[in-house]
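Let's work through a few exercises on bonds and charge pairs between side chains. Have the sequence and the model at hand, and try each task before you read its solution.

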Amino acid sequence: MTISIKPDLFPISFCRSSTGSGIFTPNGAQTYYFDMKTQEGRLLIAEVDARPRQSPTYPPPVNWSLYASDPKHFFPQADVFTGTIYFDNFTFTELSQEAGNHTVCQKGLCCHLSYKMAEKCNNEVYAFGAFDGLHVVEGEYYLQVCALVKCSTMDLKSCGQEVATARTKFDYFSLSGTFNTSYVFPEVLMTGTQLAPGEFKVREELKPVHTSVEDCY
């Protein structure tokens with residue numbers, strides 16, 4: 001099955017100036033496009049399986065919350081605050097140290113983070129957040145999100161606002177969450193709102209792990 005899409009101009013991140021679209025499958029992005037400098041579109045073409053679940057090589061269902069639901073992975077919860085990402089109210093905790101473990105919860109979702117920074121910029125602040133609720137802007141759909149973000153300023157009130165660059169480098173970070181669905185889509189955005197296919201992996205214990213030390217946010 002071949003799909004062609006002439007993308008509309010809409011944000012693929014929290015940066016209103018970036019535009020793009022893509023064709024995505026359970027195996028990742030088949031093709032994608034974004035352009036932060038112009039308002040031009042692009043025709044995207046990809047060949048994808050019409051009925052992937054009927055394929056003998058289709059992977060079995062994944063219980064994404066299996067690892068995160070283990071009580072031993074619940075770290076003491078630090079002080080929390082609220083912030084907004086694309087009109088959704090997240091519960092955040094600040095990454096005040098260069099390495100550590102964090103748990104942050106909202107409603108039925110608990111998110112866990114282990115991380116180590118290789119080089120932390122003194123003028124950058126990072127936060128780890130959770131959102132469990134109904135998204136109501138440009139459509140209505142239920143979301144559960146675990147997010148590691150760079151705040152736009154040193155003020156914690158800016159966490160979740162538009163960001164396009166980052167200079168802090170991570171040796172690694174590992175995220176997991178008690179998601180109540182098997183439809184979980186890990187995503188890493190690099191400086192310049194670049195997607196990072198291949199820059200992370202999902203371990204056997206079902207933790208998305210980023211192993212690159214490139215700039216990320």
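Asp 171 is partly exposed, with a relative accessible area of 31% (partly exposed lies between buried, under 20%, and exposed, over 50%, with a 1.4 Å probe and protein chains only). The model is predicted, so local features need pLDDT of at least 70 and side-chain atom pairs count only at pLDDT 80 or more, while totals for chains, interfaces and linings use all residues. Residues are numbered from 1 along each chain as its sequence is written, and side-chain values use heavy atoms, leaving out hydrogens and water.

**Exercise 1.** Find the salt-bridge partner of Asp 171.

Step 1: Apply the rule, a side-chain nitrogen of Lys or Arg within 4 Å of a carboxyl oxygen of Asp or Glu.
Step 2: Lys 116 fits, with its closest N and O atoms 4.0 Å apart from Asp 171.
Step 3: Place the pair: Lys 116 is in strand 8 and Asp 171 in strand 11, 55 residues apart (strands are DSSP runs of E, at least two residues, numbered from the N terminus).

**Exercise 2.** Work out which parts of the chain the disulfide of Cys 111 and Cys 146 ties together.

Step 1: A disulfide needs two cysteine sulfur atoms within 2.5 Å; here the S to S distance is 2.0 Å.
Step 2: Cys 111 lies in strand 8 and Cys 146 in strand 10, so the link ties parts 35 residues apart in sequence.
Step 3: Check burial: Cys 111 has a relative accessible area of 0% and is buried, and Cys 146 is buried at 17%.
Step 4: The torsion about the S-S bond is -80°, a left-handed link.

Note on methods. Helix = DSSP H or I, 4+ residues; strand = E, 2+ residues; numbered from the N terminus.
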